[in-house]
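Biologist: I should be grateful for a close look at a single part of this structure, set against its surroundings. Please explain each term with its cut-offs as you come to use it.

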Amino acid sequence: MISMKGLNKRFGDYTAVDNLTLNINAGEVFGFLGPNGAGKTTTVRMLTCLIEPSAGQASVLGYQVGREDQQIRRRVGLLTETPGHYDRLSAWQNLTFYARLYEVDQVDKQVEKYLRMLDLWDRRQDPAGSFSKGMRQKLAIARALLHEPQVLFLDEPTSGLDPEAARLIRDFIEELKGEGRTIFICTHNLDEADRLCDRVAVFKQRLRVVDAPANLRRQVYGRRITIQLAQNAADFKDAVMAVQGIREIEINDHILAFNTENPEIENSKIVRRLVQAGADIQFVNEVKHTLEEVYLNLIAEEAPSGEAVSKAEMSAASDG
Amino acid sequence: MDKIKTIIYKEWAEVFRNRMVLFITALLPLFMAVLPIFMLVIFNTAGGDMSSMNADTEQLTQLFNQLCVGLTETECVQVYTLSLFMFMFMIIPVAIPVTIAAYSIVGEKTTHSLEPLLATPIKTSELLVGKALAAMLPAIVATWIAYFVFLIGTYFLVSDAVFRQVLDPMWLLAIFIVGPLLALLAVCTSLMISSRASDPRTAEQLSALIILPLILLVIGQSLGFILINSQAILLIGVIVAVLDVIMVIITVQLFERETILTRWK
């Protein structure tokens, strides 16, 4: 569906995207995570044919970026990081304009469909300039969907929105996910990525890691188990250490914590040993690391490059 | 063609909601139509006294000799006065659209509406032609309407001989051919500036300079340094047409989506 091979984007001496190789499957919701200036927006701009790659290849829906740009533009939707509208025009006029540019068959019907779907129908005659940030974002999402694109690029879809508006947008993305569209989301909101995305990539100039959020947690932290005892946990450390495959044991008052690759098998062995040793077990839990912890761990591993970067180059790359 | 029309209608819907733009688009041509009529009224009221015109320089005498074949002294002064307004009618289709065109790209950048627009399947040529026509057409139509108002007023205030002068092929060429060609040149230049400028004010100020050569022509003729006749207008028309072709090509080629999106904040 979306394929990148050795994709590279340079602005002068500054490399915004370096050797990105990635495949995104049809119907997948893919999260593209990375700090500001990591190259996320630059990647989206390349995939939506707004800027040309410096090297490498990319294809969207089987069409080559740089060679079949018009075919790609017709079939993808883009929500930009800072969605601008024609503020003097009404919501209806804004969407009608884009529907015509996308050569939508039944313009009025499509515009009405998305205005209703995003709860903007009652405000359709109001100038877009009078809309709240949440409404503007909804209008921008409607604009990105008017031509029923098979692939949707959402750049920071909930950035700067209040929690209620952000939740509305997230719910709507989940609806879109249900329709089987391929959705590529750039986001800083890791909770959002965790909830919405089938797979996520952590990206900072180059691809650091890509996998399902659950697998990433496992890769970074392993699976960590805590057992709360009625007694002091230090008295039972030896009983746990005797079980093979247990790592990074930590004792904290009544809590015994350790890593294991296979808790489904190891936990019962450990519980049995602890009971045999006279421990009273109160709770057994698996620690759920958030995607944010995983992300910060991965990003922290990378020191920034010391290369001098010109102001213009930083400007070119700074929004993504 | 449909996309060009879509761009034009959107531009008009947006631009003419700004009452100031609408006001200027209507007022300037109206002013240019009424001013010469008003001058003729004053002139007729004063009895066509040439001494008040301070027209005794050597250049003006030569100019009048060329301009006034078969006309009375009074008619000659009327023709001379009106001929200055021919340039004004050429300035209107340049003056009005430059600020509209100058804002059209950089304005979309500042409001962040350019990126989603460029993400649509619209070709650069369609976008620029749409924006150019949206800026040019109202000014050209307003100029033509102003010219007709001017003709009606003049018809009642001057002799047939003088009236024939304002229907001279030179006038018609200037207003119906050279004016629009100049408008295209001005709009292309403004669009080029707009796609390269970093803020709307810079774009508008730079674009306003486009009017300068025309103003110099007006001053040149009013001081008697140059005489614009049919041949001169034709020559100007040919030169501007060639420049138009060059400017259209340059404007489309210089409109680099990547540069516009990434080199500007």
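Modeller: In chain A, 39% of the 320 residues are buried. A residue is called buried when 20 or more other C-beta atoms lie within 10 Å of its own, exposed when there are 12 or fewer, and partly exposed in between, with the C-beta atoms placed from the backbone. The model is predicted: local features need pLDDT of at least 70 and side-chain atom pairs count only at pLDDT 80 or more, while totals for chains, interfaces and linings use all residues. Residues are numbered from 1 along each chain as its sequence is written, and chains are lettered from A and ligands numbered from 1 in the order in which they are written.

The setting of the chosen part comes before the part itself. The C-alpha trace of chain A spans about 75 × 50 × 35 Å along its principal axes. Chain A holds 12 helices and 14 strands; these are DSSP runs numbered from the N terminus, a helix being H or I over at least four residues and a strand E over at least two. Two domains are assigned to chain A, domain 1 (2–205 + 305–317) and domain 2 (223–288), with bounds from an automatic or database domain assignment. Taken over C-alpha atoms, the centres of the two domains of chain A are 46 Å apart. Of the contacts in chain A between residues at least 6 apart in sequence, 68% join residues at least 24 apart; a contact requires C-beta atoms, placed from the backbone, within 7 Å of each other.

The part selected for a close look is strand S8 (residues 182–187) of chain A, in which six of six residues are buried. A:Thr182, A:Phe184 and A:Cys186 point to one side of S8(A), whereas A:Ile183, A:Ile185 and A:Thr187 point the other way; all are buried.

Which strands pair with S8(A) in the parallel sense? Strand S3 (residues 29–33) of chain A runs parallel to S8(A) and is joined to it by five bridges. Strand S7 (residues 151–155) of chain A is also parallel to S8(A), over five bridges. Pairing here means that DSSP finds at least two bridges between two strands. A:Cys186 is the bridge partner of A:Phe32, and A:Asp155 also stands opposite A:Cys186.

The strand also contributes to the nonpolar interior. A nonpolar core is a set of buried Ala, Val, Leu, Ile, Met, Phe, Trp, Tyr and Cys residues joined through C-beta atoms within 7 Å. In soluble globular proteins, nonpolar side chains tend to be buried together. The largest core here has 77 residues, and A:Phe184 and A:Ile185 are among those that touch the most other members, together with A:Leu33, A:Leu95, A:Ala142, A:Leu146 and A:Phe153. With neighbours within four places in sequence set aside, the contacts of A:Leu146 include A:Leu95, A:Tyr98, A:Val104 and A:Tyr114. A separate core of 65 residues includes B:Met90, B:Ile92, B:Val158 and B:Ala183.

Before S8(A) in sequence comes helix H6 (residues 163–178) of chain A. Its 16 residues should span 22 Å at 1.5 Å a residue, and the end C-alpha atoms are indeed 22 Å apart; the expected span is 1.5 Å times one less than the number of residues. A:Gly180, which follows H6(A), has a positive phi near 85°.

Elsewhere in chain A, an open antiparallel sheet of four strands has the order S2-S1-S4-S5. Its edge strands, S2 and strand S5 (63–64), each pair on one side only. Strand S1 (residues 2–11) and strand S2 (residues 14–24) of chain A are antiparallel over seven bridges, with A:Arg10 partnered by A:Thr15. Two residues separate these strands in their hairpin, where A:Gly12 takes a positive phi near 65°. Strand S4 (residues 55–60) of chain A meets S5(A) over two bridges, and A:Ser59 stands opposite A:Gln64.

Finally, chain A meets its partner: 29 residues of chain A are in contact with 23 residues of chain B. On the chain B side, helix H1 (2–15), helix H5 (114–118) and helix H12 (257–262) each supply at least two residues, and H1(B) gives the largest share, six residues. That side comprises seven nonpolar, six polar and 10 charged residues, where Ala, Val, Leu, Ile, Met, Phe, Trp, Tyr, Cys and Pro count as nonpolar, Asp, Glu, Lys and Arg as charged, and the others, Gly among them, as polar. B:Leu261 lies in H12(B) and counts as buried because it has 20 C-beta neighbours inside 10 Å. Apart from residues up to four places away in sequence, B:Leu261 touches A:Arg45, A:Leu50, A:Ile51 and B:Glu115. The C-alpha atoms of B:Leu261 and B:Glu115 are separated by 7.1 Å, although their positions lie 146 residues apart along the chain.

Definitions and conventions
Contact = placed C-beta atoms within 7 Å.
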